[in-house]
Amino acid sequence: MEAALVGRLEAAVSRLEALNAGTHPSVAARGLGDAASAQGPAISAFDELVDGALGRVSAAAGKIGAEVAEVTRLVEKAFLVGKDLLVRTRQTQKPTMESIAVFMGPLNEAIMEANALAEGTRSNHANHLKAAAGSLAALAWIGYTGKGCGMPLPIAHVEESWQMAEFYSNKVLVEYKTKDPDHVEWAKALKELYVPNLRDYVKKFYPLGPEWQPPGAATNKAPSAPSPPSASLSIPSASSSQPKSGMSAVFAEISSGKGVTQGLRKVTDDMKSKNRTDRSGVVSAEGKTARNAPSSSSTKFPPKLELQMGRKWVVEHHIGNKSLVIEDCDTKQSVYVYACKDSVLQVKGKVNNITIDKCTKTGLLFKGVVAACEVVNCNSVEVQCEGSVPTISIDNTSGCQLYLSKESLEASITTAKSSEINALVPDAKSDGDWVEHPLPQQYIHAFEDGQFKTSPVSHSGA
(Lines give C-alpha, C1' and ligand atoms only; values in the text may rest on other atoms or scores of the structure.)
Protein backbone atom coordinates (compact mmCIF):
# COMPACT_ATOMS: atom_id res chain seq x y z
CA MET A 1 0.00 0.00 0.00
CA GLU A 2 2.82 2.40 0.94
CA ALA A 3 4.80 1.58 -2.22
CA ALA A 4 1.77 2.22 -4.41
CA LEU A 5 1.17 5.58 -2.70
CA VAL A 6 4.81 6.60 -3.25
CA GLY A 7 4.53 5.59 -6.92
CA ARG A 8 1.43 7.75 -7.38
CA LEU A 9 3.12 10.73 -5.73
CA GLU A 10 6.22 10.36 -7.94
CA ALA A 11 4.00 10.13 -11.01
CA ALA A 12 2.21 13.33 -10.00
CA VAL A 13 5.52 15.13 -9.53
CA SER A 14 6.68 13.87 -12.95
CA ARG A 15 3.51 15.22 -14.55
CA LEU A 16 4.04 18.65 -12.99
CA GLU A 17 7.68 18.75 -14.10
CA ALA A 18 6.75 17.77 -17.64
CA LEU A 19 4.03 20.42 -17.69
CA ASN A 20 6.51 23.04 -16.59
CA ALA A 21 9.18 21.93 -19.08
CA GLY A 22 6.83 21.22 -21.97
CA THR A 23 5.06 24.59 -22.15
CA HIS A 24 6.24 26.35 -25.27
CA PRO A 25 6.86 30.11 -25.03
CA SER A 26 4.48 30.69 -27.92
CA VAL A 27 1.61 29.42 -25.80
CA ALA A 28 1.93 32.22 -23.29
CA ALA A 29 2.38 34.75 -26.03
CA ARG A 30 -0.92 33.81 -27.61
CA GLY A 31 -2.70 33.58 -24.27
CA LEU A 32 -3.76 29.97 -24.67
CA GLY A 33 -4.61 29.06 -21.11
CA ASP A 34 -6.27 25.95 -19.78
CA ALA A 35 -9.68 27.54 -20.13
CA ALA A 36 -9.20 28.15 -23.85
CA SER A 37 -7.60 24.76 -24.55
CA ALA A 38 -10.37 22.93 -22.77
CA GLN A 39 -12.97 24.12 -25.28
CA GLY A 40 -14.26 21.38 -27.52
CA PRO A 41 -14.78 17.68 -26.86
CA ALA A 42 -11.62 16.70 -28.77
CA ILE A 43 -9.31 18.64 -26.45
CA SER A 44 -11.18 17.41 -23.37
CA ALA A 45 -10.82 13.83 -24.59
CA PHE A 46 -7.09 14.40 -25.14
CA ASP A 47 -6.80 15.56 -21.53
CA GLU A 48 -8.54 12.35 -20.44
CA LEU A 49 -6.10 10.35 -22.56
CA VAL A 50 -3.13 12.07 -20.87
CA ASP A 51 -4.60 11.68 -17.38
CA GLY A 52 -5.60 8.04 -17.86
CA ALA A 53 -3.40 6.07 -20.28
CA LEU A 54 -0.31 8.28 -19.99
CA GLY A 55 -0.80 8.51 -16.24
CA ARG A 56 -0.50 4.72 -15.96
CA VAL A 57 2.80 4.82 -17.85
CA SER A 58 4.05 7.55 -15.50
CA ALA A 59 2.98 5.61 -12.41
CA ALA A 60 4.85 2.51 -13.59
CA ALA A 61 7.92 4.61 -14.47
CA GLY A 62 7.86 6.13 -10.98
CA LYS A 63 8.31 2.67 -9.51
CA ILE A 64 11.32 1.95 -11.75
CA GLY A 65 13.00 5.35 -11.59
CA ALA A 66 16.36 6.08 -13.25
CA GLU A 67 16.35 6.67 -17.01
CA VAL A 68 12.90 5.11 -17.42
CA ALA A 69 11.32 7.88 -15.36
CA GLU A 70 13.35 10.46 -17.28
CA VAL A 71 12.30 9.26 -20.74
CA THR A 72 8.69 8.97 -19.56
CA ARG A 73 8.80 12.64 -18.57
CA LEU A 74 9.90 13.41 -22.13
CA VAL A 75 6.92 11.41 -23.42
CA GLU A 76 4.64 13.51 -21.21
CA LYS A 77 6.32 16.66 -22.52
CA ALA A 78 5.73 15.59 -26.13
CA PHE A 79 2.05 14.86 -25.46
CA LEU A 80 1.60 18.29 -23.87
CA VAL A 81 3.23 19.91 -26.90
CA GLY A 82 0.91 17.83 -29.09
CA LYS A 83 -2.10 19.19 -27.21
CA ASP A 84 -0.84 22.74 -27.76
CA LEU A 85 -0.57 22.06 -31.50
CA LEU A 86 -4.11 20.66 -31.62
CA VAL A 87 -5.38 23.85 -30.00
CA ARG A 88 -3.43 25.94 -32.50
CA THR A 89 -4.87 24.08 -35.50
CA ARG A 90 -8.29 25.50 -34.66
CA GLN A 91 -6.88 29.03 -34.85
CA THR A 92 -4.45 28.61 -37.76
CA GLN A 93 -4.94 28.30 -41.47
CA LYS A 94 -3.76 25.09 -43.10
CA PRO A 95 0.04 25.25 -43.50
CA THR A 96 1.77 24.71 -46.80
CA MET A 97 4.34 21.98 -47.40
CA GLU A 98 7.07 24.54 -46.72
CA SER A 99 5.60 25.95 -43.49
CA ILE A 100 4.41 22.71 -41.86
CA ALA A 101 7.95 22.09 -40.58
CA VAL A 102 7.84 25.40 -38.73
CA PHE A 103 4.43 24.58 -37.27
CA MET A 104 5.60 21.15 -36.09
CA GLY A 105 8.89 22.53 -34.77
CA PRO A 106 8.06 22.31 -31.03
CA LEU A 107 7.00 18.66 -31.36
CA ASN A 108 10.09 17.80 -33.40
CA GLU A 109 12.27 19.32 -30.68
CA ALA A 110 10.58 17.20 -28.01
CA ILE A 111 11.01 14.03 -30.10
CA MET A 112 14.67 14.82 -30.81
CA GLU A 113 15.28 15.33 -27.11
CA ALA A 114 13.94 11.83 -26.40
CA ASN A 115 15.95 10.35 -29.28
CA ALA A 116 19.13 11.98 -27.96
CA LEU A 117 18.56 10.27 -24.62
CA ALA A 118 18.01 6.87 -26.27
CA GLU A 119 20.74 6.89 -28.93
CA GLY A 120 24.22 5.73 -28.10
CA THR A 121 23.36 4.74 -24.54
CA ARG A 122 24.87 1.76 -22.76
CA SER A 123 22.28 1.81 -20.02
CA ASN A 124 20.64 -1.32 -18.67
CA HIS A 125 17.36 0.30 -19.71
CA ALA A 126 18.36 0.87 -23.34
CA ASN A 127 15.31 -1.01 -24.64
CA HIS A 128 13.02 1.12 -22.46
CA LEU A 129 14.55 4.31 -23.84
CA LYS A 130 14.34 3.19 -27.47
CA ALA A 131 10.75 2.01 -27.08
CA ALA A 132 9.60 5.29 -25.52
CA ALA A 133 11.56 7.53 -27.90
CA GLY A 134 10.50 5.54 -30.96
CA SER A 135 6.84 5.66 -29.98
CA LEU A 136 6.73 9.46 -30.14
CA ALA A 137 6.74 9.33 -33.94
CA ALA A 138 3.05 8.42 -33.62
CA LEU A 139 2.31 12.03 -32.61
CA ALA A 140 3.39 13.26 -36.04
CA TRP A 141 -0.17 12.60 -37.29
CA ILE A 142 -0.93 16.13 -36.07
CA GLY A 143 1.00 17.40 -39.10
CA TYR A 144 -1.20 15.53 -41.59
CA THR A 145 -2.37 18.04 -44.23
CA GLY A 146 -3.75 15.79 -46.95
CA LYS A 147 -2.95 13.03 -49.39
CA GLY A 148 0.06 14.78 -50.87
CA CYS A 149 1.89 15.30 -47.59
CA GLY A 150 3.76 11.98 -47.78
CA MET A 151 2.11 10.52 -44.70
CA PRO A 152 -0.60 7.85 -44.40
CA LEU A 153 -3.93 8.65 -42.79
CA PRO A 154 -3.61 9.48 -39.07
CA ILE A 155 -5.04 6.15 -37.84
CA ALA A 156 -2.65 4.12 -40.00
CA HIS A 157 0.26 6.36 -39.04
CA VAL A 158 -0.30 5.76 -35.31
CA GLU A 159 -0.47 1.98 -35.80
CA GLU A 160 2.63 1.82 -38.03
CA SER A 161 4.66 4.07 -35.74
CA TRP A 162 3.92 1.89 -32.75
CA GLN A 163 4.99 -1.25 -34.62
CA MET A 164 8.56 0.09 -34.76
CA ALA A 165 8.54 0.92 -31.05
CA GLU A 166 6.97 -2.43 -30.19
CA PHE A 167 10.14 -4.12 -31.42
CA TYR A 168 11.94 -2.80 -28.31
CA SER A 169 8.91 -3.00 -26.05
CA ASN A 170 8.76 -6.76 -26.66
CA LYS A 171 12.40 -7.01 -25.56
CA VAL A 172 11.46 -5.42 -22.24
CA LEU A 173 8.60 -7.90 -21.78
CA VAL A 174 10.85 -10.88 -22.49
CA GLU A 175 13.74 -9.66 -20.32
CA TYR A 176 11.72 -8.76 -17.23
CA LYS A 177 8.87 -11.25 -17.40
CA THR A 178 10.30 -13.29 -14.54
CA LYS A 179 12.52 -10.57 -13.01
CA ASP A 180 10.48 -7.48 -12.19
CA PRO A 181 6.73 -6.98 -12.76
CA ASP A 182 7.13 -3.18 -12.67
CA HIS A 183 8.99 -3.22 -15.98
CA VAL A 184 6.34 -5.48 -17.52
CA GLU A 185 3.64 -3.11 -16.27
CA TRP A 186 5.45 -0.15 -17.84
CA ALA A 187 5.84 -1.87 -21.22
CA LYS A 188 2.18 -2.92 -21.32
CA ALA A 189 1.01 0.56 -20.27
CA LEU A 190 3.15 2.14 -23.01
CA LYS A 191 1.56 -0.08 -25.64
CA GLU A 192 -1.96 0.64 -24.39
CA LEU A 193 -1.22 4.36 -24.56
CA TYR A 194 -0.90 4.14 -28.35
CA VAL A 195 -2.85 1.01 -29.22
CA PRO A 196 -5.72 1.19 -28.57
CA ASN A 197 -6.02 4.56 -26.73
CA LEU A 198 -4.37 7.08 -29.08
CA ARG A 199 -5.51 5.15 -32.14
CA ASP A 200 -9.13 5.16 -30.98
CA TYR A 201 -8.89 8.85 -30.05
CA VAL A 202 -7.69 9.74 -33.55
CA LYS A 203 -10.33 7.49 -35.09
CA LYS A 204 -13.10 9.25 -33.18
CA PHE A 205 -12.06 12.90 -33.49
CA TYR A 206 -9.50 13.25 -36.32
CA PRO A 207 -9.84 10.35 -38.80
CA LEU A 208 -8.96 12.66 -41.70
CA GLY A 209 -6.47 14.84 -39.86
CA PRO A 210 -6.62 18.02 -37.75
CA GLU A 211 -9.26 20.68 -38.30
CA TRP A 212 -7.66 23.81 -39.73
CA GLN A 213 -9.27 27.21 -40.05
CA PRO A 214 -10.71 27.83 -43.54
CA PRO A 215 -8.92 30.34 -45.79
CA GLY A 216 -10.00 33.94 -45.27
CA ALA A 217 -10.94 33.52 -41.61
CA ALA A 218 -9.86 36.28 -39.27
CA THR A 219 -7.31 34.16 -37.43
CA ASN A 220 -3.59 33.56 -37.35
CA LYS A 221 -2.02 32.87 -40.71
CA ALA A 222 -0.13 29.70 -41.33
CA PRO A 223 3.47 29.98 -40.12
CA SER A 224 5.86 30.78 -42.89
CA ALA A 225 9.21 29.16 -43.36
CA PRO A 226 12.17 31.46 -42.75
CA SER A 227 13.59 32.85 -45.97
CA PRO A 228 17.16 31.85 -46.71
CA PRO A 229 19.79 34.60 -46.57
CA SER A 230 20.38 36.27 -49.91
CA ALA A 231 23.64 35.26 -51.46
CA SER A 232 26.06 38.00 -52.48
CA LEU A 233 26.39 38.43 -56.24
CA SER A 234 29.93 39.78 -56.05
CA ILE A 235 32.55 37.12 -56.63
CA PRO A 236 36.06 38.01 -55.50
CA SER A 237 38.51 37.84 -58.37
CA ALA A 238 41.70 35.90 -58.05
CA SER A 239 44.61 38.18 -57.41
CA SER A 240 48.05 37.47 -58.79
CA SER A 241 49.57 39.16 -55.78
CA GLN A 242 48.39 36.39 -53.44
CA PRO A 243 51.21 34.22 -52.08
CA LYS A 244 51.66 30.89 -53.77
CA SER A 245 51.13 27.68 -51.85
CA GLY A 246 51.72 23.98 -52.28
CA MET A 247 54.06 22.75 -55.01
CA SER A 248 53.98 26.15 -56.74
CA ALA A 249 55.71 27.67 -53.75
CA VAL A 250 58.33 24.92 -53.80
CA PHE A 251 59.24 25.44 -57.48
CA ALA A 252 59.18 29.20 -57.03
CA GLU A 253 61.67 28.90 -54.19
CA ILE A 254 63.94 26.64 -56.23
CA SER A 255 63.94 28.89 -59.28
CA SER A 256 64.46 32.04 -57.25
CA GLY A 257 68.18 31.46 -56.97
CA LYS A 258 68.14 31.94 -53.20
CA GLY A 259 70.12 29.82 -50.83
CA VAL A 260 67.55 27.07 -50.60
CA THR A 261 69.94 24.77 -48.82
CA GLN A 262 70.50 27.08 -45.90
CA GLY A 263 69.34 25.62 -42.64
CA LEU A 264 70.04 22.01 -43.66
CA ARG A 265 72.17 19.97 -41.28
CA LYS A 266 75.36 18.35 -42.45
CA VAL A 267 75.36 14.53 -42.59
CA THR A 268 78.21 13.21 -40.49
CA ASP A 269 79.89 9.80 -40.94
CA ASP A 270 78.05 8.15 -38.09
CA MET A 271 74.70 9.17 -39.63
CA LYS A 272 75.36 7.39 -42.93
CA SER A 273 73.51 4.14 -43.51
CA LYS A 274 76.64 2.07 -44.07
CA ASN A 275 77.89 3.05 -40.60
CA ARG A 276 74.57 2.58 -38.76
CA THR A 277 74.67 -0.33 -36.31
CA ASP A 278 70.96 -0.27 -35.47
CA ARG A 279 69.92 -1.35 -38.97
CA SER A 280 70.67 -4.74 -40.45
CA GLY A 281 69.55 -3.95 -43.99
CA VAL A 282 67.47 -7.14 -44.16
CA VAL A 283 63.77 -6.68 -44.85
CA SER A 284 61.67 -9.38 -43.19
CA ALA A 285 59.08 -11.13 -45.32
CA GLU A 286 56.50 -10.66 -42.57
CA GLY A 287 56.86 -6.88 -42.56
CA LYS A 288 56.73 -6.73 -46.36
CA THR A 289 53.53 -8.74 -46.54
CA ALA A 290 51.87 -6.67 -43.86
CA ARG A 291 52.79 -3.48 -45.71
CA ASN A 292 51.58 -4.64 -49.10
CA ALA A 293 48.44 -6.41 -47.98
CA PRO A 294 45.32 -4.26 -48.52
CA SER A 295 43.27 -3.47 -45.42
CA SER A 296 39.76 -4.79 -45.83
CA SER A 297 38.50 -2.98 -42.75
CA SER A 298 39.40 0.42 -44.22
CA THR A 299 37.15 -0.15 -47.24
CA LYS A 300 33.77 1.46 -46.68
CA PHE A 301 30.80 1.05 -48.97
CA PRO A 302 27.96 3.57 -49.27
CA PRO A 303 24.65 2.52 -47.68
CA LYS A 304 21.99 1.43 -50.11
CA LEU A 305 18.21 0.93 -50.04
CA GLU A 306 16.75 0.55 -53.51
CA LEU A 307 14.50 -1.55 -55.72
CA GLN A 308 16.44 -3.24 -58.53
CA MET A 309 14.76 -4.30 -61.76
CA GLY A 310 11.38 -3.93 -60.08
CA ARG A 311 11.80 -7.29 -58.37
CA LYS A 312 14.49 -7.14 -55.65
CA TRP A 313 14.83 -4.75 -52.72
CA VAL A 314 18.50 -4.36 -51.75
CA VAL A 315 19.44 -3.01 -48.32
CA GLU A 316 23.22 -2.87 -47.83
CA HIS A 317 25.92 -1.40 -45.56
CA HIS A 318 23.71 0.54 -43.16
CA ILE A 319 25.27 1.25 -39.75
CA GLY A 320 23.26 2.60 -36.82
CA ASN A 321 20.14 3.28 -38.91
CA LYS A 322 17.07 2.31 -36.85
CA SER A 323 14.46 3.69 -39.26
CA LEU A 324 14.86 1.67 -42.46
CA VAL A 325 11.42 1.15 -44.03
CA ILE A 326 10.22 -0.62 -47.19
CA GLU A 327 6.60 0.37 -47.93
CA ASP A 328 5.63 -0.14 -51.57
CA CYS A 329 6.23 -3.87 -51.99
CA ASP A 330 4.25 -6.88 -53.22
CA THR A 331 4.39 -10.68 -53.29
CA LYS A 332 6.41 -10.74 -56.52
CA GLN A 333 9.36 -8.95 -54.92
CA SER A 334 12.15 -10.19 -52.66
CA VAL A 335 14.22 -8.42 -49.99
CA TYR A 336 17.97 -8.89 -49.55
CA VAL A 337 19.67 -7.36 -46.50
CA TYR A 338 23.48 -7.44 -46.52
CA ALA A 339 26.29 -6.24 -44.21
CA CYS A 340 24.15 -4.06 -41.96
CA LYS A 341 25.08 -3.32 -38.35
CA ASP A 342 23.09 -1.95 -35.43
CA SER A 343 20.12 -1.20 -37.69
CA VAL A 344 16.39 -1.99 -37.86
CA LEU A 345 14.46 -2.70 -41.08
CA GLN A 346 10.67 -2.76 -41.32
CA VAL A 347 8.97 -4.34 -44.33
CA LYS A 348 5.37 -3.10 -44.30
CA GLY A 349 4.01 -5.36 -47.03
CA LYS A 350 4.01 -9.07 -47.82
CA VAL A 351 6.86 -10.14 -50.11
CA ASN A 352 7.98 -13.36 -51.75
CA ASN A 353 11.06 -14.02 -49.61
CA ILE A 354 13.52 -12.23 -47.33
CA THR A 355 17.24 -12.94 -46.88
CA ILE A 356 19.43 -11.32 -44.24
CA ASP A 357 23.13 -11.98 -44.82
CA LYS A 358 26.28 -11.03 -42.85
CA CYS A 359 24.48 -8.66 -40.52
CA THR A 360 25.34 -7.86 -36.90
CA LYS A 361 22.98 -6.60 -34.19
CA THR A 362 20.28 -6.00 -36.79
CA GLY A 363 16.51 -6.20 -36.35
CA LEU A 364 14.00 -7.26 -39.01
CA LEU A 365 10.24 -6.67 -38.71
CA PHE A 366 8.03 -7.88 -41.57
CA LYS A 367 4.36 -8.50 -42.32
CA GLY A 368 4.78 -11.91 -43.93
CA VAL A 369 6.40 -13.84 -46.78
CA VAL A 370 5.13 -16.25 -49.40
CA ALA A 371 8.17 -18.55 -49.56
CA ALA A 372 10.79 -18.27 -46.82
CA CYS A 373 12.82 -16.03 -44.52
CA GLU A 374 16.54 -16.86 -44.48
CA VAL A 375 19.19 -15.78 -41.95
CA VAL A 376 22.75 -16.49 -43.10
CA ASN A 377 26.18 -15.67 -41.61
CA CYS A 378 24.76 -13.30 -38.99
CA ASN A 379 25.52 -12.38 -35.38
CA SER A 380 23.02 -11.25 -32.73
CA VAL A 381 20.04 -10.56 -34.99
CA GLU A 382 16.35 -10.38 -34.19
CA VAL A 383 13.54 -11.30 -36.57
CA GLN A 384 9.85 -10.65 -35.93
CA CYS A 385 7.01 -11.85 -38.17
CA GLU A 386 3.58 -10.23 -37.79
CA GLY A 387 1.85 -12.45 -40.34
CA SER A 388 2.51 -15.86 -41.85
CA VAL A 389 5.79 -17.41 -42.95
CA PRO A 390 5.98 -21.01 -44.25
CA THR A 391 9.72 -21.57 -43.75
CA ILE A 392 12.48 -19.99 -41.66
CA SER A 393 16.06 -21.03 -42.42
CA ILE A 394 18.99 -20.14 -40.15
CA ASP A 395 22.50 -21.05 -41.33
CA ASN A 396 25.92 -20.29 -39.82
CA THR A 397 24.48 -17.76 -37.37
CA SER A 398 25.43 -17.00 -33.78
CA GLY A 399 22.57 -15.49 -31.82
CA CYS A 400 19.09 -15.14 -33.33
CA GLN A 401 15.81 -14.18 -31.64
CA LEU A 402 12.69 -15.23 -33.54
CA TYR A 403 9.40 -13.53 -32.60
CA LEU A 404 6.56 -15.51 -34.14
CA SER A 405 2.96 -14.32 -34.34
CA LYS A 406 -0.03 -16.61 -33.94
CA GLU A 407 -0.30 -16.86 -37.75
CA SER A 408 3.32 -18.04 -38.08
CA LEU A 409 3.35 -20.75 -35.39
CA GLU A 410 3.09 -23.46 -38.07
CA ALA A 411 6.32 -22.31 -39.72
CA SER A 412 9.02 -24.89 -40.41
CA ILE A 413 12.31 -23.75 -38.81
CA THR A 414 15.57 -25.18 -40.17
CA THR A 415 18.92 -24.53 -38.46
CA ALA A 416 22.46 -25.48 -39.50
CA LYS A 417 25.82 -24.60 -37.94
CA SER A 418 24.07 -22.09 -35.69
CA SER A 419 23.98 -21.38 -31.95
CA GLU A 420 21.96 -19.38 -29.43
CA ILE A 421 18.71 -19.61 -31.39
CA ASN A 422 15.56 -18.74 -29.43
CA ALA A 423 11.98 -18.77 -30.67
CA LEU A 424 9.46 -16.59 -28.83
CA VAL A 425 5.75 -17.25 -29.24
CA PRO A 426 2.69 -15.47 -27.77
CA ASP A 427 1.68 -16.68 -24.32
CA ALA A 428 -1.71 -18.37 -24.54
CA LYS A 429 -2.43 -17.62 -20.88
CA SER A 430 -1.56 -13.91 -20.86
CA ASP A 431 -2.20 -11.31 -23.54
CA GLY A 432 0.90 -9.40 -24.64
CA ASP A 433 3.44 -11.74 -23.03
CA TRP A 434 5.94 -13.97 -24.82
CA VAL A 435 7.15 -17.48 -24.06
CA GLU A 436 10.77 -18.21 -24.97
CA HIS A 437 11.78 -21.61 -26.40
CA PRO A 438 15.51 -22.25 -26.97
CA LEU A 439 16.17 -24.38 -30.05
CA PRO A 440 18.69 -27.20 -29.47
CA GLN A 441 22.18 -26.92 -30.90
CA GLN A 442 23.68 -30.15 -29.52
CA TYR A 443 22.61 -33.63 -30.63
CA ILE A 444 23.26 -37.25 -29.79
CA HIS A 445 23.74 -39.70 -32.64
CA ALA A 446 23.18 -43.33 -31.64
CA PHE A 447 23.46 -46.40 -33.87
CA GLU A 448 20.30 -48.48 -33.40
CA ASP A 449 18.66 -51.14 -35.55
CA GLY A 450 21.17 -50.77 -38.35
CA GLN A 451 21.00 -46.98 -38.62
CA PHE A 452 21.92 -43.79 -36.77
CA LYS A 453 19.20 -42.10 -34.79
CA THR A 454 19.60 -38.44 -33.80
CA SER A 455 18.01 -36.73 -30.81
CA PRO A 456 18.71 -33.37 -29.12
CA VAL A 457 20.74 -33.29 -25.93
CA SER A 458 18.57 -33.08 -22.84
CA HIS A 459 20.33 -31.31 -19.97
CA SER A 460 19.54 -32.11 -16.39
CA GLY A 461 16.73 -29.96 -15.04
CA ALA A 462 15.46 -29.15 -18.54
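Here is a walk through the fold, from the whole chain down to a single leucine.

Keep in mind that this is a predicted model. The protein chain has 462 residues, and 39% of them count as buried. Its secondary structure comes to twelve helices and 16 strands. If you take the contacts between residues at least 6 apart in sequence, 42% of them join residues at least 24 apart.

Let's start with the sheet. Seven strands line up in the order β3-β5-β7-β9-β11-β13-β14, making an open sheet with mixed pairing. The edges belong to β3 (324-326) and β14 (434-438); each has a single partner strand, so one side of each has no neighbour in the sheet. Going from one strand to the next, the twist averages 15°. For a look at one pairing, pick β9 (residues 379-385) and β11 (residues 398-404), which run in the parallel sense and share six bridges. Asn379 is a handy place to zoom in, with Ser398 in β11 as its bridge partner.

Now bring in the helix that lies across this sheet. Helix α9 (residues 154-176) lies across β5 (344-347), β7 (363-366), β9, β11, β13 (419-426) and β14, and it runs at about 125° to β5.

Helix α9 also has a helical partner. Its axis comes within 9 Å of the axis of α10 (residues 181-205), and the two cross at roughly 170°. An angle over 145° counts as roughly antiparallel, so that is the label for α9 and α10. On the α9 side, the contact includes Pro154, Ile155, Trp162 and Tyr176, while the α10 side includes His183, Tyr194, Leu198 and Lys203. Sorted by class, the residues of the contact of α9 with α10 are 14 nonpolar, two polar and six charged.

A second helix pair is worth setting beside that one. Helix α5 (residues 66-89) and helix α8 (residues 126-135) pack with their axes 9 Å apart, at an angle of about 5°. Angles under 35° count as roughly parallel, so α5 and α8 fall into that group. Glu67, Val68, Val71 and Val75 of α5 make the contact with His128, Leu129 and Ala132 of α8. The breakdown here is five nonpolar, one polar and one charged.

Helices α5 and α8 turn up again around α7. Helix α7 (residues 105-118) has 14 residues, which at 1.5 Å a residue should span 20 Å, and its end C-alpha atoms are indeed 20 Å apart. Several α7 residues are buried: Gly105, Pro106, Leu107, Ala110, Ile111, Ala114 and Ala118. What covers these buried residues includes α5, α6 (100-103) and α8.

So where does the leucine come in? Leu139 sits in the loop between α8 and α9. Is Leu139 buried or exposed? Its relative accessible area is 0%, and since buried means under 20%, Leu139 counts as buried. Leaving aside neighbours within four places in sequence, its contacts are Ala78, Phe79, Leu107 and Leu198. Two of those names should ring a bell: Leu107 is one of the buried residues of α7, and Leu198 is part of the contact α10 makes with α9. One more pairing to check on screen is Leu139 with Gly82: they are 57 residues apart in sequence, yet their C-alpha atoms are 6.9 Å apart in space.

How values were computed:
Residues numbered from 1 in each chain as written. Predicted model: local features only at pLDDT ≥ 70, side-chain atom pairs only at ≥ 80, totals over all residues. Heavy atoms only, no water. Axes fitted to C-alpha atoms, helices over the stretch in contact; angles between N-to-C directions. Helix = DSSP H or I, 4+ residues; strand = E, 2+ residues; numbered from the N terminus. Parallel < 35°, antiparallel > 145°, perpendicular 65-115°, else oblique. Contact = heavy atoms within 4.5 Å. Nonpolar A, V, L, I, M, F, W, Y, C, P; charged D, E, K, R; others polar. Expected span 1.5 Å × (residues − 1). Buried < 20%, exposed > 50% of the residue type's maximum accessible area, 1.4 Å probe, protein only. Pairing = 2+ DSSP bridges.
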